[in-house]
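Biologist: I would like to learn how to read a model like this one, feature by feature. Could you take me through the general idea each time, and then the case at hand?

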Amino acid sequence: MTPAPSIVVIGGGPRGTGVIERIAANAVELYGDRPLDLHVVDPHPAGGGRIWRPDQSPLLWMNSMAEDVTMFTDETVELAGPVVAGPALDAWAEDVRAGRITPDADPAVLAEIHGLAGADFPTRRLQSAYLRWTYERALAALPPGITVHEHRTTALAVTGPRGGRQRVRLQDRPEPLLADLVVLTVGHLDAEQDPEQQGLADFARRHALVHLPPDFTADSDLDALRPGEPVIVRGFGLAFVDLMVLLTEGRGGRHENGEYLPSGREPVLYVGSRRGVPYHAKIGYPWTGERPPLPQHLGPAWTEQLLSRTGPLDFRRDIWPAVAKELGHAHYHRLFTAHPERTALAHEVFAEKYAAADPGSPELAGLIAEAVPDPADRLDLDALDRPLDGVRHDSPEAFQEALRAHITADLARRHDPEHSEDLAVFLGLLSAYAQLIRLGDIGSWWHGFFSYLASGPPGPRLHQLLALSRAGVVRFLGADLTVETDEEQGLFRARSATVPGARTEARALVEARLPDPSLRHTASPLLRALRDDGAAITDDGLLAVDPADSRVLDDEGRPHPRRLALGPFTTARAGGAFTRPRTGGPAFRQNDAAARAALTFLRDLSCRGLLAS
């Protein structure tokens with residue numbers, strides 16, 4: 001008897017859930033009522049996966065408001081398959097409160113759902129419940145011929161010839177899963193330590209110090225950080241915010257009326273980074289009025305023109321000028337339409353001259369200076385990216401005051417609709433990201449800049465950071481942070497160019513960031529096996545995939561007919577597996593293309609009777 005075709009989705013987090021939702025959406029059109037075995041492999045509960053698993057501290061929040069989170073397509077998403085509407089997180093919570101949805105969640109999470117408003121920042125465990133419900137809804141939407149098999153274990157390797165069935169080896173299972181097609185959606189995975197991190201770890205072992213390498217903060221061994229002792233923290237993004245919360249409120253401290261009341265169990269966190277400042281706060285007001293037309297200078301035609309070039313692209317030379325002009329277009333469109341009193345030229349005249357000027361040209365700079373009298377109203381991306389460049393302070397105490405003032409000003413601006421051009425730039429960043437992922441691997445700088453400007457912490461978290469700074473629990477080190485080791489004294493030592501001559505010594509060092517997604521240093525046996533089996537790896541260590549449908553490429557650039565991959569470890573990495581409603585959701589477009597490619601391949605395979613192992 002001919003076996004049913006089989007597809008194995010490795011990774012049951014939001015990206016895998018999104019692919020399954022798209023399989024369900026496209027199955028009737030592309031696959032009909034044929035039988036199909038769908039296997040989902042993940043050691044964590046499907047829906048949330050590891051990062052969004054339900055057993056997390058209730059102190060850990062999302063960095064998006066409930067109304068800004070959806071797992072469902074809408075008419076703004078460019079996709080070949082059907083749009084299948086579904087509730088954003090806040091609407092889902094309203095359906096739960098009204099009894100229209102009954103999620104499988106514990107009483108504490110249900111209580112959070114009943115108190116949730118659209119402008120609230122939900123806990124991660126609440127988001128886990130939403131993702132699980134999305135996964136279950138996707139399974140329920142599959143045609144009856146598709147049978148789902150869940151495997152709560154880890155995939156170790158995918159082997160098999162290009163022209164035949166693949167074998168997925170599982171941990172603690174003697175027999176492999178046989179797959180006609182495999183989709184890897186494994187998300188963020190652990191990494192082996194690179195030479196620098198290995199050297200720091202060896203130093204820590206020799207001197208009985210604490211070194212916590214890059215990791216998902218909720219999984220780090222924070223018990224090793226002792227109360228009252230200094231800890232050097234390298235990294236000032238979202239991983240730092242989680243660390244800050246778990247080591248303060250997580251150890252019994254309390255925030256009351258803008259002050260932090262310590263429990264006495266907190267270490268003292270000395271934090272610095274390349275920029276030396278935290279990510280910009282999430283914008284705290286809604287959009288009103290006319291939206292800037294996007295994309296304007298960075299549309300599909302521009303993308304296709306770049307893709308048609310021969311030779312590698314240089315981000316700063318070939319891409320960044322157009323990105324900067326696109327973000328400027330969004331900024332000035334909003335300034336002229338919403339705050340015309342701060343401009344000195346007719347909008348139509350400015351827009352025409354702006355469109356005609358070359359990116360980064362003296363003509364463009366002169367036009368902006370003429371049309372926008374106050375320099376504070378002009379978009380300066382370099383200053384936004386590196387606000388401490390060239391800044392020096394005479395003492396650590398002077399820098400504490402200065403950085404508190406910087407954070408306070410950022411919070412005020414990001415919650416003031418009089419500066420709604422900032423929200424327009426955010427929309428420009430989303431639009432630019434959707435175009436740039438079509439180009440494949442463009443290096444890591446852009447992704448970091450996007451996260452710093454568009455994906456920062458909730459405003460309340462930065463208010464808490466200010467309180468912790470005033471209480472002396474958090475100390476700021478500055479920009480261009482370097483960490484050295486002192487063999488003689490057995491200490492870590494941190495220095496920053498922001499406060500010349502100052503140094504901080506500690507017996508603990510924490511790298512507050514996720515592991516590098518590079519396959520060159522991955523700790524995943526699955527990705528190592530894929531790398532060693534001839535998959536193409538970029539200079540940055542990312543898995544090369546076809547931007548059209550996410551098929552894995554080999555060293556000769558040939559797409560593997562039976563292996564697809566989506567996520568941060570690939571050249572088609574997107575900003576996230578879920579997104580704001582009505583913002584185009586590039587990850588949704590990728591999921592749809594991959595699902596349609598998979599279903600078409602399996603249908604054709606079935607029709608040709610080529611399912612033998």
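Modeller: Let us begin with a term: helices (H or I, at least four residues) and strands (E, at least two) are DSSP runs, numbered from the N terminus. Please also keep in mind that this is a predicted model.

Biologist: With those labels, where does Pro295 lie, and what is the peptide bond from Leu294 to Pro295 like?

Modeller: Pro295 is placed in the loop between β12 (268-272) and α7 (300-307). The peptide bond leading from Leu294 into Pro295 is cis, with omega near -5 degrees.

Biologist: Which loop holds Asn257, and is Asn257 buried or exposed?

Modeller: Asn257 belongs to the loop between β10 (254-256) and β11 (259-261), and, although not a glycine, Asn257 has a positive phi of about 55 degrees. Exposed means over 50% relative accessible area, and Asn257, at 82% relative accessibility, therefore counts as exposed. A second case is Asp480, which is not a glycine either and has a positive phi of about 50 degrees; Asp480 is found in the loop between β13 (474-478) and β14 (482-486), and its 38% relative accessibility makes Asp480 partly exposed.

Biologist: Turning to strands, how should I read the two faces of β1, and which residues lie on each side?

Modeller: In a regular strand the side chains alternate between the two faces of the sheet. In β1, Ser6, Val8 and Ile10 lie on one side and Ile7 and Val9 on the other, and all of these are buried, which leaves both faces covered. Because five of the five residues of β1 (residues 6-10) are buried, this strand is largely enclosed by the rest of the structure.

Biologist: Which strands does β1 pair with, and in what sense?

Modeller: Strands of a sheet pair through backbone hydrogen bonds, either parallel or antiparallel. Here β1 pairs in the parallel sense with β2 (residues 36-41) over five bridges, where His39 in β2 is the bridge partner of Val8. Between these two strands the chain passes through helix α1 (residues 14-30), giving a β-α-β crossover that is right-handed. Strand β1 also pairs in the parallel sense with β7 (residues 181-184), over four bridges, and in β7 the bridge partner of Ile7 is Leu181.

Biologist: How do the axes of α1 and α4 lie with respect to each other?

Modeller: Two packed helices are described by the angle between their axes and the distance between the axes. The axes of α1 and α4 (residues 124-141) come within 8 Å and cross at roughly 25 degrees. Angles under 35 degrees count as roughly parallel, and α1 and α4 are therefore roughly parallel to each other. The crossing in which α1 passes α4 is left-handed. On the α1 side the contact involves Pro14, Thr17, Ile20, Glu21 and Ala24, which meet Leu131, Thr134, Tyr135, Ala138, Leu139 and Ala141 in α4.

Biologist: Finally, in what order do the strands of the open sheet that includes β8 and β13 follow one another?

Modeller: Five strands form this open sheet, with parallel pairing and the order β8-β17-β9-β12-β13. At the edges stand β8 (210-212) and β13, each with a single partner strand, so one side of each has no neighbour in the sheet. From one strand to the next the twist averages 20 degrees. Within the sheet, β9 (residues 230-234) and β17 (residues 508-511) run parallel and are joined by three bridges, and Ile232 has Leu509 in β17 as its bridge partner.

Methods
Residues are numbered from 1 along each chain as its sequence is written. This is a predicted model: local features need pLDDT of at least 70, side-chain atom pairs count only at pLDDT 80 or more; totals for chains, interfaces and linings use all residues. Side-chain values use heavy atoms; hydrogens and water are left out. Buried means under 20% relative accessible area, exposed over 50%, partly exposed in between (1.4 Å probe, protein chains only). Two strands pair if DSSP finds at least two bridges between them. A crossover is right-handed if, with the strands pointing away from the viewer, the path from the first strand over the helix to the second runs clockwise. Axes are lines fitted to C-alpha atoms, for helices over the stretch in contact, and angles run from 0 to 180 degrees between N-to-C directions. Angles under 35 degrees count as roughly parallel, over 145 as roughly antiparallel, 65 to 115 as roughly perpendicular and the rest as oblique. A crossing is left-handed if the near helix is turned anticlockwise from the far one by less than a right angle, and right-handed if clockwise. Contact means heavy atoms within 4.5 Å.
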